[in-house]
Amino acid sequence: MLAKLLAYRRGIVCQQAVELVTDYLEGALSRADRRRFEAHLAACPHCTEYLAQMRKTIELTGMVTAADLSPQMADEFIALYRRWQADPGGESE
Ligand SMILES: [Zn+2]
């Protein structure tokens, strides 16, 4: 479902990037995965925004686990992408 929504192909797709965000923030990615993740971020303002929101959430809560994030944040992320898809010109926010 998510994969269909996030039909971007730039090294790794957005869904994969989203799944890597938590590991990335915890420093748990391998060097190769981190490089792919950062390469995707460089080409994808949407995932950059998502990462920024995750960082903010972690700062606010002090602790974030993948289990905590999955349902709620995934919903918010899908909503974000729906908005971006509905408004293709709206990359400058
Ligand atoms: Zn992306």
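These legends accompany several close-up views of the predicted model shown above.

Residues are numbered from 1 along each chain as its sequence is written. Because this is a predicted model, local features need pLDDT of at least 70 and side-chain atom pairs count only at pLDDT 80 or more, while totals for chains, interfaces and linings use all residues.

**View 1. An all-in-one look at the protein chain, with five helices and zero strands.**
Let's start with the whole fold. Reading from the N terminus, the elements run α-α-α-α-α; helices (H or I, at least four residues) and strands (E, at least two) are DSSP runs, numbered from the N terminus. Of the 93 residues in the protein chain, 17% are buried, a residue being buried if 20 or more other C-beta atoms, placed from the backbone, lie within 10 Å of its own. Among contacts with a separation of 6 or more, 59% join residues 24 or more positions apart; two residues are in contact if their C-beta atoms, placed from the backbone, lie within 7 Å.

**View 2. The largest nonpolar core has eleven residues.**
Here you can pick out C14, A17, V18, L20, V21, F37, L41, C44, C47, Y50 and L51. Such a core is a set of buried Ala, Val, Leu, Ile, Met, Phe, Trp, Tyr and Cys residues joined through C-beta atoms within 7 Å. Helices α2, α3 and α4 (45–61) each supply at least two residues of this core, and the largest share, five residues, comes from α2.

**View 3. Helix α2 (residues 14–25) packs against helix α3 (residues 31–43).**
Their axes lie 11 Å apart at an angle of about 120°, which makes α2 oblique to α3. Axes are lines fitted to C-alpha atoms, for helices over the stretch in contact, with angles from 0 to 180 degrees between N-to-C directions. Angles under 35 degrees count as roughly parallel, over 145 as roughly antiparallel, 65 to 115 as roughly perpendicular and the rest as oblique. The crossing of α2 and α3 is left-handed: the near helix is turned anticlockwise from the far one by less than a right angle, whereas clockwise would be right-handed. Look for A17, L20 and Y24 on α2 and for D33, R34, F37 and H40 on α3, which make the contact. These residues divide into four nonpolar, one polar and two charged, where Ala, Val, Leu, Ile, Met, Phe, Trp, Tyr, Cys and Pro count as nonpolar, Asp, Glu, Lys and Arg as charged, and the others, Gly among them, as polar.

**View 4. A close-up of F37, found in helix α3.**
F37 counts as buried because it has 22 C-beta neighbours inside 10 Å. Not counting residues up to four places away in sequence, F37 touches A17, L20, Y24 and L29. The C-alpha atoms of F37 and Q16 are separated by 8.7 Å, although these residues are 21 apart along the chain.

**View 5. Helices α2 and α4 cross at roughly 30°.**
The axes of this pair come within 10 Å, and the angle makes α2 roughly parallel to α4. Helix α2 passes α4 in a right-handed crossing. On α2 the contact is made by C14, A17, V18, V21 and L25, and on α4 by H46, C47, Y50, L51, M54, R55 and I58. By class, the contact has ten nonpolar, one polar and one charged residues.

**View 6. A close-up of L51, found in helix α4.**
With 20 C-beta neighbours inside 10 Å, L51 counts as buried. Leaving aside neighbours within four places in sequence, L51 is in contact with V21 and L41.

Terms used. Buried ≥ 20, exposed ≤ 12 C-beta atoms within 10 Å, placed from the backbone.
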